[in-house]
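Me: I'd like to practise reading helices, loops and contacts in a model. Can you walk me through one?

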Amino acid sequence: MSPAKKKPTRRTSKPARKKKPARPASPPAAEKRVVRRASRSAPKKKAARRASAPARVPEWPEDISRASIKRAILDNLLRRQARFPEVATRNDYYMALAYTVRDLLLHRWIDSAKTYLEQESRTVVYMSAEFLMGPQLGNNLLNLGILDEVRAAVEELDLCLDDLLDQEEEPGLGNGGLGRLAACYMDSLASLQIPSIGYGIRYEFGIFDQVIRDGWQVEVADKWLRLGNPWEIARPEIVFEVKLGGRTEPFQDEAGRYRVRWVPDRVIRGVAYDTPVMGYRVNTANLLRLWKAEASESFDFQAFNVGDYYGAVEDKVYSENISKVLYPNDEALAGKRLRLEQQYFFASCSLQDMLRIYFQREKTPDDFHRKYAVQLNDTHPAIAVAELMRLLVDEYAMEWEQAWEVTANTFAYTNHTLLPEALEKWPVPLFAELLPRHLEIIYEINRRFLDQVRLQAPGDDARAARLSLIDEDGPRYVRMANLSCVGSHSINGVARLHTELLKTSVLQDLHALWPEKINNKTNGITPRRFVALSNPGLTGLINRAIGAEWLRDTERLRALEPYAHDAAFHKDWHRVKHENKCVLAGVIARTTGITVDPASLFDIQVKRIHQYKRQHLNVLNIITLYNRLKRGGPEAGFVPRTCIFAGKAAPGYVMAKLIIKLITSVAEVVNADPQTRDYLKVVFLPDFNVKNAQRVYPAADLSEQISLAGKEASGTGNMKFAFNGALTIGTLDGANVEIREAVGPENFFLFGLTADEVEATRRAGYRPAEALATQPLLREALDMLADGAFSGGDRNLFRPLVDLLVGHDPYMLFADFASYRECQREVSRVFRNRSRWTHMSILNVARVGRFSSDRAIREYCKDIWHVRPVAVHPGTVHV
């Protein structure tokens with residue numbers, strides 16, 4: 001991160017002013033009319049097709065020029081930052097440019113909101129505890145179509161745009177794939193002109209910054225707001241009360257109906273902060289609304305006046321803690337309490353806000369489900385099911401049956417995991433203490449639901465117990481995944497294999513009850529951020545070959561296939577990859593002090609650190625490769641490798657943090673060994689986030705997707721690597737299955753057990769010690785870990801990991817090791833043949849178009865949300 005006080009980089013001389021490109025002609029009137037008609041009336045089944053033909057914003061509006069951009073930057077430097085150029089810092093210039101770009105977004109945002117209001121548009125609501133949006137400046141410049149023009153304007157101010165882009169603090173409002181998927185979907189919703197709102201939490205401190213000290217992960221507070229956030233707009237007038245604790249009181253209303261009143265112990269306030277999300281080369285800018293928690297009374301003068309200074313601000317501290325940090329460690333009861341409070345807080349604020357917007361046009365909540373299609377991104381927002389019922393029944397006096405019809409037709413649920421421990425559940429006593437009214441509602445939902453279950457399967461008490469919203473096997477828990485499933489009209493998995501496994505394992509009983517409810521929507525990623533912005537060299541090469549329309553329709557990448565046989569194109573492709581590897585090599589050198597060779601094979605595994613993702617399988621293979629080099633040196637044709645890892649471990653996940661220490665310890669030995677360091681390097685790149693990812697994905701030769709089959713729901717890193725030309729080594733897990741089908745088995749390095757074979761091996765009684773006995777190279781690697789070869793002689797450091805593998809091996813590293821090692825040898829053989837490798841790389845890019853988030857959103861629109869694009873036509877934009 002660049003320090004705020006650092007002066008901006010200035011050029012020694014002004015570059016020659018580039019000739020301004022010709023403005024493209026406006027779309028013909030007939031095209032405009034078609035789009036306008038399409039947004040009004042045709043059947044729902046046409047929606048997905050229409051989303052691919054949006055009304056486009058001119059790339060060069062007549063009143064946006066370099067001169068006006070420069071003037072706006074200097075005006076904002078004065079008016080927003082109170083600085084003049086001679087004393088302005090790099091951050092001052094970044095903020096001035098960001099406000100300039102935000103002003104352009106706001107015109108489109110207001111036009112979008114006005115259009116949606118006038119057309120009474122059905123709206124998609126994406127509720128997610130995470131939105132890992134990444135840096136906004138570059139993405140907004142790209143989507144507005146003014147990246148080159150702004151670069152030129154900034155250069156005329158003797159500044160470097162890349163320095164200003166690097167200055168931006170990244171909002172770490174997500175842990176990994178879940179939050180990044182939400183961000184990709186928001187990008188695609190706007191680009192496809194789908195009216196939408198994203199709702200989440202404005203965490204003061206996001207996912208921790210990761211520092212590596214003595215090889216261990218150390219968590220440091222992510223102070224992403226310390227220099228201000230120019231992209232957000234505070235809405236202090238949009239504020240809602242959120243109740244917590246207390247008791248419920250039954251009573252009869254004036255009509256003699258049974259009603260319930262919730263009398264809370266505490267009331268906090270949720271304040272809205274808005275960020276516009278711009279679509280790619282369209283006039284649509286949608287809304288991301290995040291909630292900040294505040295006290296209803298932030299200062300108690302009575303307590304202060306009697307000397308109770310802490311008591312004077314106790315409510316403020318308690319309330320603000322709710323939006324203080326992303327995912328507090330929930331090992332202790334206090335952490336569980338805070339996470340449940342967070343989830344209810346943002347669900348309640350969001351639903352109250354949706355009702356506020358809804359009542360701008362409507363008189364009763366009867367058609368709420370026709371106005372909104374709400375997608376629950378995993379179980380974190382699941383409490384919204386009970387909260388909407390509470391609002392409808394308690395606040396709007398709707399009868400239970402009608403309220404349930406509205407609720408069940410409002411929500412749809414995306415499941416993101418097959419791991420039972422990741423399916424959230426809350427202790428009943430905690431739930432009763434914090435949300436007493438919601439527990440009553442959940443009990444009633446459960447009673448009615450189990451009546452249906454018993455009608456379908458009379459006498460099957462075991463099935464009823466499994467499906468119940470309350471886990472009564474031991475201490476009682478509220479099962480949030482079950483609540484999500486029962487309260488939603490659609491349940492989707494995120495890869496074909498994942499969805500089929502849901503039907504046969506985690507959600508088997510529910511699938512038997514409602515076979516039509518579970519469907520698949522394979523994840524996707526936005527090519528705008530993860531190719532066009534991250535990899536401009538590759539983007540330019542592709543554009544020159546097949547045009548730029550693939551950024552709107554990635555299936556057009558198929559047109560690259562003939563170039564897989566073009567020697568001149570091969571040369572350009574290899575050049576782009578080498579340049580990207582040089583950039584990453586520079587980042588590695590600056591960040592870690594390790595020098596790596598861009599000509600080596602960049603073998604990269606970047607993702608959250610978890611045992612099922614099997615970073616330690618990769619490390620064990622590295623140790624065997626190191627031993628091979630130590631014994632005989634590199635044989636003829638040996639392929640030098642740079643093995644790069646990155647990812648964060650949850651603060652309370654001891655084994656994951658030990659795996660990070662393992663990687664850094666092996667790196668320390670291997671990189672310092674004069675016998676091997678010219679042929680093998682190991683790097684752990686700290687603090688993996690979206691900004692760092694944009695440098696990593698374009699540089700990869702090999703993408704490691706090596707989780708145990710049946711454990712990864714989908715993965716999206718595999719898609720980001722493939723879009724950037726990396727070849728995949730992987731198991732048949734998650735979306736790997738579909739990627740391999742798309743690119744062709746001959747262009748994918750496959751190893752390991754299938755999901756069915758994993759289950760069969762478990763049922764037969766998997767014995768890791770027996771698997772180890774037949775693999776001497778693996779035994780040697782484990783012995784080295786146990787003997788302290790990579791820990792300075794400390795035999796205890798890695799003993800917990802070695803004992804876990806030898807005794808249990810829960811993710812079957814030993815069962816897959818031989819296959820993985822042989823597959824890695826095949827990788828080296830192919831990499832030696834540069835022409836073949838490049839041929840496979842081009843075909844990977846040409847055939848992965850289906851893994852765009854645009855495709856995924858079109859499927860959601862057609863099959864689940866039943867929503868159509870709404871064209872937003874431009875007003876007059878001024879800078």
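Reply: Sure. To start with, two residues are in contact when heavy atoms of theirs lie within 4.5 Å. Keep in mind that this is a predicted model.

Me: Let's use that, then. Which residues of H34 meet which residues of H35?

Reply: On the H34 side you have Glu826, Val827, Val830, Phe831 and Arg832, and they meet Arg834, Arg836, Trp837 and Met840 of H35. Sorted by class, this contact has 5 nonpolar and 4 charged residues, with no polar ones.

Me: And how do I describe the way two helices pack?

Reply: In general, you give the angle between their axes and the distance between the axes. Here, the axes of H34 (residues 813–832) and H35 (residues 834–847) come within 5 Å and cross at roughly 105°. Angles of 65 to 115 degrees count as roughly perpendicular, so H34 and H35 are roughly perpendicular to each other.

Me: How do I check a helix's length? What should the 30 residues of H4 span?

Reply: Take 1.5 Å a residue: H4 should span 44 Å, and its end C-alpha atoms are 43 Å apart, which agrees. Try H17 (residues 436–456) as well: its 21 residues should span 30 Å, and the end C-alpha atoms are 31 Å apart, which agrees too.

Me: Now burial. Is H5 largely enclosed or largely open?

Reply: Buried means under 20% relative accessible area. In H5 (residues 137–144), 8 of the 8 residues are buried, so this helix is largely enclosed by the rest of the structure. That covers Leu137, Gly138, Asn139, Asn140, Leu141, Leu142, Asn143 and Leu144. H4 is also largely enclosed, because 21 of its 30 residues are buried.

Me: What covers the buried residues of H5?

Reply: The cover includes helices H4 (90–119), H6 (147–156), H7 (161–167), H8 (177–191) and H22 (527–533), along with strand E8 (266–278). For a residue-level view, go to Leu165 in H7. Setting aside neighbours within four places in sequence, Leu165 is in contact with Leu137, Gly138 and Lys691. The C-alpha atoms of Leu165 and Gly138 are separated by 6.5 Å, with their positions 27 residues apart along the chain.

Me: Where should I look for a positive phi after H4 and H5?

Reply: Just past the helix in each case: Glu120 follows H4, with a phi of about 50°, and Gly145 follows H5, with a phi of about 80°.

Me: What pattern of burial should I look for along a helix?

Reply: An α-helix has 3.6 residues a turn, so residues three or four places apart point the same way. With that in mind, go along H17, where the buried residues include Ile442, Ile445, Asn446, Phe449, Leu450 and Val453.

Me: How about a single polar residue? Is Asn736 buried or exposed?

Reply: Asn736 is buried, because its relative accessible area is 3%. You'll find it in helix H29 (residues 736–743). Leaving out neighbours within four places in sequence, Asn736 touches Gln705, Asn718, Gly730, Thr731 and Phe748.

Me: Let's finish with a loop. Where does Arg257 lie?

Reply: Arg257 is in the loop between strands E6 (247–252) and E7 (258–263). With a relative accessible area of 32%, Arg257 is partly exposed. Not counting residues up to four places away in sequence, Arg257 touches Phe251, Gln252, Ala397 and Glu399. A polar atom of the Arg257 side chain lies 3.4 Å from the backbone oxygen of Ala397.

Definitions and conventions. Residues are numbered from 1 along each chain as its sequence is written. This is a predicted model: local features need pLDDT of at least 70, side-chain atom pairs count only at pLDDT 80 or more; totals for chains, interfaces and linings use all residues. Side-chain values use heavy atoms; hydrogens and water are left out. Helices (H or I, at least four residues) and strands (E, at least two) are DSSP runs, numbered from the N terminus. Buried means under 20% relative accessible area, exposed over 50%, partly exposed in between (1.4 Å probe, protein chains only). A polar contact is a pair of N or O atoms within 3.5 Å; within protein, one must be able to donate a hydrogen and the other to accept it, and residues adjacent in sequence count only if both atoms are side-chain atoms. Axes are lines fitted to C-alpha atoms, for helices over the stretch in contact, and angles run from 0 to 180 degrees between N-to-C directions. Angles under 35 degrees count as roughly parallel, over 145 as roughly antiparallel, 65 to 115 as roughly perpendicular and the rest as oblique. Ala, Val, Leu, Ile, Met, Phe, Trp, Tyr, Cys and Pro count as nonpolar, Asp, Glu, Lys and Arg as charged, and the others, Gly among them, as polar. The expected span of a helix is 1.5 Å times one less than its number of residues.
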